[in-house]
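Thanks for making time, everyone. Let me put the model on the screen, and then I will walk you through it.

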Amino acid sequence: MSRTPSIFIDGESGTTGLQIRARLANHKGIEIRSIPEEKRKDPETKRALMEEVDAVVLCLPDAGAKEVASIAREMGAKAPRLLDASTAHRVDPEWVYGFPELTKGHAERIAAARRVSNPGCYPTGAIALLRPLTESGILPADFPIAVNAVSGYTGGGKSMIAEFDAGTVGPFFLYGLGLEHKHVPELQLYSGLSRRPIFVPSVGEFAQGMLVSIPLHLDALPGKPAPGDLEAALTAHYTGSEWVKVLPGEGGARLTPEDLNGSNALELRVYGSAAHRQAVLVARLDNLGKGASGAAVQNLGLMLGVEVDAALPVAA
Ligand SMILES: NC(=O)C1=CN([C@@H]2O[C@H](COP(=O)(O)OP(=O)(O)OC[C@H]3O[C@@H](n4cnc5c(N)ncnc54)[C@H](OP(=O)(O)O)[C@@H]3O)[C@@H](O)[C@H]2O)C=CC1
Ligand SMILES: CC(=O)N[C@@H](CCC(=O)OP(=O)(O)O)C(=O)O
């Protein structure tokens, strides 16, 4: 593409949309087009702009994302490429899952795709930990898995931010306790699990940041691996990755969720006790970074074939 590619961020004033704009603020290689505020939910205005841009980033509730996807279907070959940040299309086989580090060749699949579905924040951490273990055969697909996670409250979008700003919620809560959280299908599918994992999310009184942890009884795994074998499988999978790093798990250390805020980084650690034959896999990320807008900017770079910095620009 020789001219500057253009995008339309549908839902640009929401939590995810604003963060994408901020990450692209200093970027000269992508032109951002908008529609007037009062027309932002008008399908005909959207359709007209969709005819003029190369890609649309959907930062909308699921219903809004499905509406734009159906406009794009009607447009046929004239439709722009779509990158959907919502949950609407994540396990739809006609969409490519937007986790470039998923497996060998996946970044190239994203680069070539017409429709890409950006991952959920929690699945980003869990899939990053589990996929290399199922792919390498260390973890059987039907192994019982439980995923625990804590998120900053921006993960709940404008409505949850308003609740915390108003001081009407306590400092911490578990949720998803009906075991029907919307992230479980993508987490199961892309981790390569045949047995539905148990997922226990929670929110703390901090705006941004996330930890995802997965405890494992190593004796129950067929090859009875040591913690170091798990770490070696993760290291082999992510060697050379710009954004995903495998770091030593130092027992006794405290791990806090906010350290990667503003970045597009994802850190993976294996904590283990050889004596007790136990391990805990932990992912740390910014829920608005690699968990949402950073990942979206990374995917846009692949889709449009331009160099992007998926991290927030550092304030001068
Ligand atoms: N926050 C997060 O960490 C993550 C969010 N996501 C997903 O991204 C999407 C957006 O979430 P988030 O940014 O948090 O949500 P927000 O509630 O913060 O923002 C959504 C924005 O979309 C606007 N909007 C709603 N319906 C339409 C429509 N039909 N057309 C145009 N604009 C519309 C809203 O405007 P108004 O308020 O005026 O209705 C609002 O500005 C969701 O699907 C969410 O699941 C994905 C990953 C992480
Ligand atoms: C704290 C909180 O409420 N988090 C959101 C998920 C945030 C996220 O990744 O969202 P999407 O799947 O919408 O993209 C939730 O649990 O529904």
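I will take confidence, then domains, then the two ligands, and end on one cysteine.

This is a predicted model. How confident is it? The mean pLDDT of the protein is 96. Of its residues, 99% reach 70 or more. For the model scores, ipTM is 0.94 and pTM is 0.96.

Now the domains. The protein splits into two. Domain 1 takes in 6-119 + 292-304. Domain 2 covers 121-287. Their C-alpha centres are 26 Å apart. On contacts, 15 residues of domain 1 meet 24 residues of domain 2. Which element supplies the largest share of domain 1's side of that interface? Helix 9 does, with four residues. By class, that side of domain 1 has seven nonpolar, six polar and two charged residues.

On to ligand 1. Where does it sit relative to the two domains? Both domain 1 and domain 2 give residues to its shell, so ligand 1 lies between them. The shell holds 27 residues. Nearest are Gly11, Gly14, Gly64, Ser86 and Gly157. Four elements give two or more residues each: helix 1 (15-23), helix 3 (62-75), helix 6 (157-166) and helix 9 (289-304). Helix 1 contributes the most, three residues. Helix 9 we have already met, on the side of domain 1 that touches domain 2. For those thinking about chemistry, the shell of ligand 1 has 15 polar, seven nonpolar and five charged residues.

Next, ligand 2. What surrounds it? The list is Thr87, Gly120, Cys121, Ser151, Gly155, Gly156, Met160, Lys182, His183, Pro201, Val203 and Gly291. Sorted by class, that shell has seven polar, four nonpolar and one charged.

Pick out Cys121 from that list. The UniProt entry, which is unreviewed, annotates Cys121 as "active site". In the model, Cys121 belongs to helix 5, residues 121-135. Is Cys121 buried or exposed? The count is 25 other C-beta atoms within 10 Å, and the cut-off for buried is 20 or more. So Cys121 is buried.

And its contacts? Set aside neighbours within four places in sequence. Cys121 then touches Ser151, Gly155, Met210, Asn287, Gly291 and Ala292. Among them, Ser151, Gly155 and Gly291 also appear around ligand 2.

To recap: ligand 1 lies between the two domains, and the annotated Cys121 is among the residues surrounding ligand 2. Over to you for questions.

Definitions and conventions. Residues numbered from 1 in each chain as written. Chains lettered and ligands numbered in written order. Predicted model: local features only at pLDDT ≥ 70, side-chain atom pairs only at ≥ 80, totals over all residues. Near = placed C-beta within 6 Å. Nonpolar A, V, L, I, M, F, W, Y, C, P; charged D, E, K, R; others polar. Domains from an automatic or database assignment. UniProt positions renumbered as here; feature names shortened; annotations may be inferred. Buried ≥ 20, exposed ≤ 12 C-beta atoms within 10 Å, placed from the backbone. Contact = placed C-beta atoms within 7 Å. pLDDT = per-residue confidence, 0-100.
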